[in-house]
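Please read the following note alongside the sequence and the structure. The points are numbered for ease of reference.

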Amino acid sequence: MSEEKSLNFIEEIVEADLSSGKYQSIVTRFPPEPNGYLHIGHAKSICLNFGLANKYGGKTNLRFDDTNPVTEDTEYVESIKDDVRWLGFNWAEERYASDYFEQLFDFAIKLIEKELAYVDDSTSEAIAQQKGTPTQAGTNSPFRDRSVAENLELFKAMRAGQFKDGEKVLRAKIDMAHPNMHMRDPIIYRIKHAQHHRTGDQWCIYPMYDFAHGQSDAIENITHSVCTLEFIPHRALYDWFIEQLEIFPSKQYEFARLNMTYTVMSKRKLLQLVNEQHVNGWDDPRMSTISGMRRRGYTAEAIREFCDRIGIAKRDNLIDVGLLEFCVREHLNKIAVRRMVVFDPLKVVLTNYEGDGEILWSENNPEDQNAGNRQIPFSKELYIERDDFMEVAPKKYFRLAPGQMVRLKSAYIIRCDEVIKDASGMITELHCTYIPESKSGSDTSGINVKGTLHWVSARHAVKAEVRLYDRLFKVEDVGNAEGDFKDHINTDSLEVISNAYAEPALVADSSDNRYQFLRKGYFCLDKDSTAEKLVFNRTVTLKDTWAKEVKKG
RNA sequence: UGCCCGAUAGUAUAAGGGUAGUACAACUGAUUUUGGUUCAGUAUGUCUUGGUUCGAAUCCAGGUCGGGCAACCA
């Protein structure tokens, strides 16, 4: 008996609509504006919209809400399509609000004919003035009572390009005293002599969001139009247009957008980070964009799992970025092959080791027997991690220290005999003895050690660059922190290790390969890699209870 | 001061009149050739005041607190 998973409030609505017979099947849509790259907040919406259709046997359209030519671009269209596909979703149809410009224009004509829209010559300042305030009713525009004929003529003249930007707008005629500000004769068309990324210079008037979104939903027979909370006050308008235009009654439902600790989640801010070069582009691995997370090594499975776990509700939320990292680790632990890489090398000489060296074996992934084994060369001179040694070790320190023993992973137990320093007192190498009977797999030494270290053979090591990322912001709630969000940027969010030493089995060929660098974290190949130099991104660290212990003191 | 949303452990999210549960985070311990993984366990919660009811997180009323709404943005 598997436990029935509880439904979120939107699934409940869908199930009710299906069981009441209101709909036989559902149609949803994911409606990005192509003016920026998608971020993890969009992933939540994508998983919701596509997830609903998948679960209830419906379909989802990808619709670009491209009604503002000034900010939009095909570069964004392409990136958005890539990201949605990468996340693992297939849209039924690729649509554009701009596909409907002619139809939308006709809708506007219909409204004018019904005396529900008028051309207004007021300046934008005057219109803002007329709107009133939330607590104060607005006032009518002096152009509100133009005749249908005059409105028709003027609106067509607007389309024909007879006016300059801002000279005239088309407004819905509703109620300037309405308690909902959005119902106070909202602007539905404005003049913009601008090149549109798809329609070129075909149009010089463009519909506003409120006059495009709901109608586009209706045209596509969207049954459940899911959006975020800030559109709640728009719903009245959404419904009003559908009713007046007598078109398919799509319904809008709102859920709370995703906020995440140590992260900004607005296209405007992300754009600013890119433009002002606080990061290296939209796909910088520190960015909360889908493309950034992809480059960093997060998997689509992990992101989908995350979206599933955070749930859907209507209250504002701030999700711990740690949950995302948990999902990433959880997936990577199962699929990543293990390799040993030393970031900050300290030479170890095995004084009693004779011969040219030998080949040892180690498992590629202890979580997955099918992942097989690999060969690792072992020799007299090795590198270990500098902070895996302490001259004066505290209690409970299981790593190397003078006189102390540790196991080298998949190799032998060694004991530290002597610490070699240079003139400045800097430790340059460790002289150790190895225990021949302690070889992994055939250990007859009877020695038990608490610590196991990763290592590489000095002679066989391969150099690689490793990029370590930390959170981009220093404060938890960036959105509500004092001052400008850029004041809180973590200037130490990128650390580059240009000469890490890797075992020779680390010959990455694709960023689809996921690695766990033993005791270090999960890594993937970066696109900056060349034949001469491999570059790895740290996707996420391993959980580190020892570091926590040290911190506690 | 108008209209609209919301309020359950630290953070999220369930329970739809009948035992407040789950996950992450935290903390104990066990296992471990990764101080990883896994496993076992602990602590912490219904905004408030009334009402309805045998019984309220849930229904009703008042309050409090938080958020949104006055772009020719979406």
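1. In this predicted model, 64 residues lie around RNA strand B, and those that come nearest are Glu12, Arg315, Arg338, Ser440 and Lys548. Of the atoms of RNA strand B that come within 4 Å of the protein, 60% belong to sugar and phosphate.

2. Which parts of the protein make polar contacts with the phosphate oxygens of RNA strand B? An N or O atom in the side chain of threonine 67 is 2.6 Å from one phosphate oxygen of the strand. At leucine 318 a polar backbone atom takes this role, with a phosphate oxygen of RNA strand B at 2.6 Å. Asparagine 333 uses its side chain: an N or O atom there is 3.4 Å from a sugar or linking oxygen of RNA strand B.

3. Two or more residues of the surface near RNA strand B are given by each of strand S6 (187-191), helix H11 (300-310), helix H12 (321-335) and helix H13 (545-552). The largest share, four residues, comes from H13. By residue class, the surface near RNA strand B has 22 nonpolar, 19 polar and 23 charged residues.

4. A separate point concerns the packing of two helices. The axes of helix H4 (residues 101-113) and helix H8 (residues 235-245) come within 10 Å and cross at roughly 80°; H4 is therefore roughly perpendicular to H8.

5. Which residues of H4 and H8 meet? Phe107, Lys110 and Leu111 are those of H4, and they meet Phe241, Gln244 and Leu245 of H8. Four residues of this contact are nonpolar, one is polar and one is charged.

Definitions and conventions:
Residues numbered from 1 in each chain as written. Chains lettered and ligands numbered in written order. Predicted model: local features only at pLDDT ≥ 70, side-chain atom pairs only at ≥ 80, totals over all residues. Heavy atoms only, no water. Near = heavy atom within 4 Å. Polar contact = N/O pair within 3.5 Å; in protein donor to acceptor, adjacent residues only side chain to side chain. Nonpolar A, V, L, I, M, F, W, Y, C, P; charged D, E, K, R; others polar. Axes fitted to C-alpha atoms, helices over the stretch in contact; angles between N-to-C directions. Parallel < 35°, antiparallel > 145°, perpendicular 65-115°, else oblique. Contact = heavy atoms within 4.5 Å.
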